[in-house]
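Please look over the sequence and the model below before reading on. The report that follows is meant for someone meeting this structure for the first time.

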Amino acid sequence: VRDGGTAAAEFATKLLSAMESAGAEPASEVDAPDLVIGVGGDGTMLAAVRRALRSDAPVLGFNLGTMGFLAAADPETLEEVVSRILEGEYDIVERMTVAATVNGETTSGVNDVVVEKIDAQRLVELAVTIDGLEFVTYRADGIIIATPTGSTAYSFSAGGPLVDHGLEALVMTPVAAHSLFDRSMVLPPSTEIEMRVIRDRSVHVTVDKSDLGHLGAGESVLVRRGHRPARFVSFNGQSFAGLVKTKFSLQ
């Protein structure tokens, strides 16, 4: 539980009680869990995925947030979900991850790598190299490199396309670019993207909202696919189009 407030905390307590009554045991922080459960919104699910990736465990989310693209269950289905989990009546869906390397340290996430300006009043300049090709220098608020899973998050808000979560790709979207070329690009999953800071305007780097620190002039971040996929529990096999229709209340 991370976001969702009192309601999420209360539901998590109820969930834990139901799981224990059914014979499941909670894992400690040092144990390798069989399943990681997130209770809250997508922020909680991103934290749950980071925990799960350490031990290659599957992730199940109960949505107590707004959109809940990463969650497979709603609170009112608690008893049914607990039963199906313990009976093994569920599917595992794998989704590609994305990794950022800064100063020799690599961090992975399921949604996106974001490089953004620190000073709200000043644009940054980022020289982008794609698979060794010096592509273009963006003057912008920042750049998002998203997975298909992350295409429904910040990337979408910045004008990027929605990409079916079952596909593998990297989506590069500039944020408020002051350039004639300001479109998103959908690239193969094997693509390596380097973003280097130009001039003396520092940037902030995050992976799934987790802080990787600041980069100054001449410093860079390398983005590529993560070395292992994230694994999500799925119950109903809903199509991506159906998911989008539901989450955006399309008519």
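The text below goes from the overall fold to the spaces in the protein and then to two individual residues.

**Overall picture**

This is a predicted model, and the protein in it has five helices and 16 strands. With 251 residues, a compact globule would be expected to have a radius of gyration near 18 Å, and the protein has 19 Å, which agrees. Taken along the principal axes, the C-alpha atoms fill a box of roughly 60 × 45 × 35 Å. Of the 251 residues, 44% are buried, and the accessible surface comes to about 12,400 Å², with 48% of that area belonging to carbon and sulfur atoms. Among the contacts with a separation of 6 or more, 64% are between residues 24 or more positions apart in the sequence.

**Pockets and the cavity**

The table lists the spaces by volume and by the character of the residues that line them.

| Space | Volume | Nonpolar lining residues | Polar lining residues | Charged lining residues |
|---|---|---|---|---|
| Largest pocket | about 940 Å³ | 19 residues | four residues | seven residues |
| Second largest pocket | about 580 Å³ | 13 residues | eleven residues | four residues |
| Largest cavity | about 30 Å³ | seven residues | no residues | two residues |

The largest pocket holds about 940 Å³ of space. Of the 30 residues that line this pocket, Pro-26, Ala-27, Leu-35, Val-36 and Ile-37 are the closest to its centre. Helix α1 (5-21) gives the most to the lining of the largest pocket, with six residues, while β1 (36-40), α2 and α3 (78-87) are also among the elements that each supply at least two.

The second largest pocket has about 580 Å³ of space. It is lined by 28 residues, of which Ala-71, Arg-95, Asn-236, Gln-238 and Leu-243 are the closest to the centre of the pocket. Two or more lining residues come from each of β2 (59-63), β3 (91-95), β16 and α5 (240-247).

A search of the whole structure for cavities of 30 Å³ or more finds one. Its lining is made up of Val-49, Ala-52, Leu-53, Asp-56, Ala-57, Val-59, Pro-229, Ala-230 and Arg-231. The elements α2 (42-53) and β16 (230-234) each supply at least two residues of this lining, and the largest share, three residues, comes from α2.

**Two residues in α2 and β16**

Met-45 has its place in helix α2. Is this residue buried or exposed? Met-45 counts as buried because its relative accessibility is 1%, and the cut-off for buried is under 20%. Leaving out residues up to four places away in sequence, Met-45 touches Gly-38, Val-59, Leu-60, Gly-61, Leu-70 and Phe-232. One of these partners, Val-59, is 14 residues from Met-45 in sequence, and the two are 8.2 Å apart in space, C-alpha to C-alpha. Val-59 is also one of the residues that line the largest cavity.

Ser-234 is found in strand β16. With a relative accessibility of 14%, Ser-234 also falls under the 20% limit, so this residue counts as buried. Which residues does Ser-234 contact, leaving aside its neighbours within four places in sequence? Its contacts of this kind are with Tyr-90, Asp-91 and Val-93.

Methods:
Residues numbered from 1 in each chain as written. Predicted model: local features only at pLDDT ≥ 70, side-chain atom pairs only at ≥ 80, totals over all residues. Heavy atoms only, no water. 1 Å grid on protein atoms, 1.4 Å probe; cavity = no way out; pocket = protein on both sides within 12 Å on 5 of 7 lines; lining within 4 Å. Points joined across faces, edges and corners; volume = space filled by probe spheres on them. Helix = DSSP H or I, 4+ residues; strand = E, 2+ residues; numbered from the N terminus. Nonpolar A, V, L, I, M, F, W, Y, C, P; charged D, E, K, R; others polar. Buried < 20%, exposed > 50% of the residue type's maximum accessible area, 1.4 Å probe, protein only. Contact = heavy atoms within 4.5 Å. Rg over C-alpha atoms; globule rule 2.2 N^0.38 Å. Areas by Shrake-Rupley, 256 points an atom, 1.4 Å probe, with all protein chains shown as cover.
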